Structures are given as C-alpha cells and as structure tokens.
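Me: I'd like to learn how to read a structure like this one, feature by feature. Can we go through it together?

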Amino acid sequence: MRYRLRDLPTFKKIMESPGRGVPYTVRDLADVTGVSRSQIGRLLTRDLDNLDVNDAHAIAEALGVAVLVLFMPPVSPKEGQPDNKTTPT
C-alpha cells in the first residue's frame with residue numbers, strides 16, 4: 001500500500017522545523033528512517049508523490065508529526081497498490 005504526500009510545502013517546512021528542533025537534511029532523514037535518500041529527494045522535487053506505507057510512517061515519526069499530517073492513505077485498496085501488481089482472477 002502506498003501513501004500519497006499531501007502537501008510539499010508542509011513537508012519541507014516540517015523538515016526545517018521538526019519536533020526535535022534541529023532541521024533535517026535529506027541525508028539525515030534517510031539515515032534516521034531507513035528510507036533511501038533518492039526517495040526523499042524525489043519527494044522534495046516532486047518526481048515522486050507517494051511512498052510505501054511503512055516509509056511514510058517512518059518519516060512522520062522521525063519528524064514528530066502524525067502520518068496523516070504529511071500523507072494520505074489511498075481511497076480504495078486498489079488505488080494504493082503498486083502498478084506492477086496484478087489482481088488474481
């Protein structure tokens with residue numbers, strides 16, 4: 001399941017002023033969360049607008065906010081599935 005980033009400016013602002021008080025760089029956030037620097041960087045440049053649910057939760061936790069502040073779950077179960085998965089018939 002994939003969660004979509006709600007609002008890029010909010011994500012950037014929270015990275016600059018997280019709950020811990022010290023701004024996060026892409027590298028810092030990747031190190032703390034286990035999410036790749038590439039994925040975080042792509043979120044920040046809008047090349048990527050969604051993440052695996054576990055990665056979304058890890059980022060929100062590291063930044064000190066509820067996951068729903070930054071990300072929204074799919075409206076339907078099929079919407080959150082990666083494009084390469086097929087549904088058995």
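Reply: Sure, let's start with a term. A polar contact is a pair of N or O atoms within 3.5 Å; within protein, one must be able to donate a hydrogen and the other to accept it, and residues adjacent in sequence count only if both atoms are side-chain atoms. Here, Asp 52 caps the N-terminal end of H4, with a side-chain oxygen 2.9 Å from the backbone nitrogen of Asn 54. Bear in mind that this is a predicted model: local features need pLDDT of at least 70, side-chain atom pairs count only at pLDDT 80 or more, and totals for chains, interfaces and linings use all residues. Residues are numbered from 1 along each chain as its sequence is written, and side-chain values use heavy atoms, with hydrogens and water left out.

Me: What pattern does the chain follow along the sequence?

Reply: Helices (H or I, at least four residues) and strands (E, at least two) are DSSP runs, numbered from the N terminus. This chain has five helices and three strands, in the order β-α-α-α-β-α-α-β.

Me: Which strands does E1 pair with, and in what sense?

Reply: Two strands pair if DSSP finds at least two bridges between them. Strand E1 (residues 2-5) pairs with E2 in the antiparallel sense over three bridges, and Tyr 3 has Leu 51 in E2 as its bridge partner. Two bridges also join E1 to strand E3 (residues 71-72), again antiparallel, with Arg 4 opposite Met 72.

Me: Which residues of helix H4 are buried?

Reply: Buried means under 20% relative accessible area, exposed over 50%, partly exposed in between (1.4 Å probe, protein chains only). In H4 (residues 53-63), the buried ones are Val 53, Asp 55, Ala 56, Ile 59, Ala 60, Ala 62 and Leu 63. Just after H4 comes Gly 64, with a positive phi near 80 degrees.

Me: What is the nearest side chain of opposite charge to Asp 55?

Reply: Lys and Arg count as positive and Asp and Glu as negative; His and the chain ends are not counted. A salt bridge needs a side-chain nitrogen of Lys or Arg within 4 Å of a carboxyl oxygen of Asp or Glu. For Asp 55 the nearest candidate is Arg 2, 6.2 Å away, and this buried Asp has no salt bridge.

Me: Where is Arg 46, and what is its phi?

Reply: Most residues other than glycine have a negative phi. Arg 46 has a positive one, near 65 degrees, and sits in the loop between helix H3 (37-44) and strand E2 (50-52). Arg 46 counts as exposed because its relative accessibility is 60%.
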